[in-house]
Amino acid sequence: MTTTDVLPATGGMAHEARAAAMVWRREMIRFQHDKARIVAMLLQPLLFLFVMGTGLSSVVDTGGQVDFRTFLFPGVLAMSVLFSAAFAGISLVWDREFGFLREMLVAPVGLPAIIVGKCLGGATMATLQSVVLLALAGLVGVPYDPVLMVELLALLFVGALLLTAMGVLLSARIKQIQAAMPTSQLIIMPMMFLSGALFPMANLPDWLAVLTKLNPLTYVVQPMRAAIFDHLDVPADAWAALDPSITWWGWEVPIAAQVLVAVVFSGIVLGAAIAAFDRAD
Amino acid sequence: MAAVEVRKLVKRYGDVEAVRGIDLEVAEGEMYGFLGPNGAGKTTTIKILCTLAEATSGSAVVAGYDVAAERSAVRRNIGLVFQEPTLDGYLTAEQNLRFHGELYGVPRPLLRRRMDEVLEMVGLADRRRDLVQTYSGGMRRRLEIARGLLHTPAVLFLDEPTIGLDPQTRAAIWEYIGALREAQEITVFVTTHYMEEAEYCDRIAIIDDGRIAVTDTPDALKRAVGADRVQIRTADDAAAIVQLRERLGVDAAMHEGMVTFAVPGGAEFVPRLFAELGVRIDTVTVTRPSLDDVFMTYTGRTIRDAEAGGGPSAFQIMAGRR
């Protein structure tokens, strides 16, 4: 062994990026080891889509022109991805419990590199899981248009990043896994219900309508559904009933602006997660 | 230049003063032991030196960098092995090392070579592709030491490196640390509360209650004690203590459930003891001075007393022999 190996000085942004990439890669490696979880995570959305979706399609009035399961598809996609993403974020509580968090926090890199790597890793993993569900699109009348698929994946990634960052933010404050799990459920469930994922948001009472507009997930689910309807022959009245546009004080928010809202929200939560972490944790 | 230089270090948590003004200096290439009971302030001091905690007052320079002002540079130049495991069990040994190397910015071509070197050094080369969760406790600790060395630090901090391991594995870990010091020039700062482990160090600081009681080589410390430790079990311990003082002129006290005292030439003292004590003696143990005795000399209690009791012992049986 030689004693002349001297490390170069900290490499600035290149070094930070390299560290973030490694944290991201760790999430991917762990993901590969976790095949049982992937299967379990896929079963729930399938149940929603084919059991609940089929059961409810006879009750929910979709005007006869759109299959209820087609309506449900973006919602179920979002749901599966968001739960995986939130759990990926909360896995920091496990990292803390098993000591690995400390290995990350004592390294000579900035906290942002670690948190960003973790969040991008969780979001990537969650988005990759959705590919299996996307493969079933044809079964519920959604066309396999490559452009549509890319649009949906991109939107899912934004939503997944938001939820992973929320999970990380939670785990900065909550140190017990027993507390972190139910707390995250408590936050995700209402976000899910109020996003239009599972039922149309037309004709909601005012107070509920306000909540849906405050919910960042709305700005993920709505553009996803609009993208799907764009590729289908949906009559205007059915579109308005199933996927009413979001309005702010009477202004109809364009899809691009909705996506921007989702991206900005993700960025804010990510920033909050970085700020909430304590180096000496 | 000293590898570690600490001046008037104080750390307060609320009303509790965990570190009460520590000064120390570790030379380059030295193996420096921090010896003391749990709660003496060892881990707090190490945390400050590793930039994981901020000192309330005082200063510390590690590998030439100030721990408060140049945290990143300090981190890059130290290796850390904590008391608690910090490996990812879902990754292989290699993946754990790679993760570390990337975060510490080890250049890629060098990283591959360093991984081979450190795995070879701790004898885990053939298990490098196994998940760490399949490793035994001793193997994990070896891997952590290997990881702490991966980025060629100037100072390696080992906080209770053998805690929770069986005696055989403990001995093996120390062998690896010894071999490491022969292979490369590195300063090692180790904390322990196992007396026998402190003997591996070049110099030892005895820390008790947030202060350093004494710093010297293990041999010098033992020489300073000068007396052997005698422990006896008797039919009436209280009477024995009184008789020891009155008839034999020896101050004794209860430690670890036995009447304990120190005399020069302990073995020669035993016949006198039986002849003159006047209390029935069931067992006698004579021990040459150990670091345990050194600890007792300077703190007035055995390390086990200190951990069990918390407060300082009323008996300072060796105080007169300093």
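Biologist: In chain B, which share of contacts between residues at least 6 apart in sequence join residues at least 24 apart?

Modeller: It's 69%, where a contact means two C-beta atoms, placed from the backbone, within 7 Å. Keep in mind that this is a predicted model, where local features need pLDDT of at least 70, side-chain atom pairs count only at pLDDT 80 or more, and totals for chains, interfaces and linings use all residues. Residues are numbered from 1 along each chain as its sequence is written, while chains are lettered from A and ligands numbered from 1 in the order in which they are written.

Biologist: How many helices and strands are there in chain B?

Modeller: Chain B has 12 helices and 14 strands, taken as DSSP runs numbered from the N terminus, with helices (H or I) of at least four residues and strands (E) of at least two. Its C-alpha trace spans about 75 × 45 × 35 Å along the principal axes, and 48% of its 322 residues are buried.

Biologist: Why is strand E3 of chain B called largely enclosed by the rest of the structure?

Modeller: Because five of the five residues of E3(B), residues 31–35, are buried. To earn that label, a residue needs 20 or more other C-beta atoms within 10 Å of its own (12 or fewer is exposed, in between is partly exposed). Both faces qualify: B:Met31, B:Gly33 and B:Leu35 point one way, B:Tyr32 and B:Phe34 the other way, and all are buried.

Biologist: What makes E3(B) and E8(B) a pair, and how do they run?

Modeller: DSSP has to find at least two bridges between two strands. Five bridges join E3(B) to E8(B), residues 187–192, and the two run parallel, with B:Leu35 standing opposite B:Thr192. E9(B), residues 203–208, makes the cut too: four bridges link it to E3(B), again in parallel. There, B:Phe34 has B:Ala205 as its bridge partner.

Biologist: Over to chain A. Why is H2(A) called roughly antiparallel to H3(A)?

Modeller: The axes of H2(A) (residues 35–57) and H3(A) (residues 68–97) cross at roughly 155° and come within 9 Å. Anything over 145 degrees counts as roughly antiparallel (under 35 is roughly parallel, 65 to 115 roughly perpendicular, the rest oblique), so that label fits H2(A) and H3(A). Their crossing is right-handed. Among the residues that meet are A:Phe48 and A:Leu49 in H2(A), and A:Leu72 and A:Phe73 in H3(A). By class, that contact has 11 nonpolar, six polar and one charged residues.

Biologist: How do you know that H3(A) and H5(A) are roughly antiparallel as well?

Modeller: H3(A) packs against H5(A), residues 111–134, at about 150°, with the axes 8 Å apart. That angle is past the cut-off I just gave, so H3(A) and H5(A) are roughly antiparallel. H3(A) passes H5(A) in a right-handed crossing. The residues that meet include A:Ala85 and A:Gly89 in H3(A), and A:Gly122 and A:Ala126 in H5(A). This contact has 10 nonpolar, seven polar and one charged residues.

Biologist: And how many residues of chain B are in contact with chain A?

Modeller: 31 residues of chain B are in contact with 25 residues of chain A. On the chain B side, helices H2 (71–76), H3 (93–103) and H4 (108–121) give two or more residues each, and H3(B) has the largest share with four. By class, that side has 16 nonpolar, eight polar and seven charged residues.

Methods
Ala, Val, Leu, Ile, Met, Phe, Trp, Tyr, Cys and Pro count as nonpolar, Asp, Glu, Lys and Arg as charged, and the others, Gly among them, as polar. Axes are lines fitted to C-alpha atoms, for helices over the stretch in contact, and angles run from 0 to 180 degrees between N-to-C directions. A crossing is left-handed if the near helix is turned anticlockwise from the far one by less than a right angle, and right-handed if clockwise.
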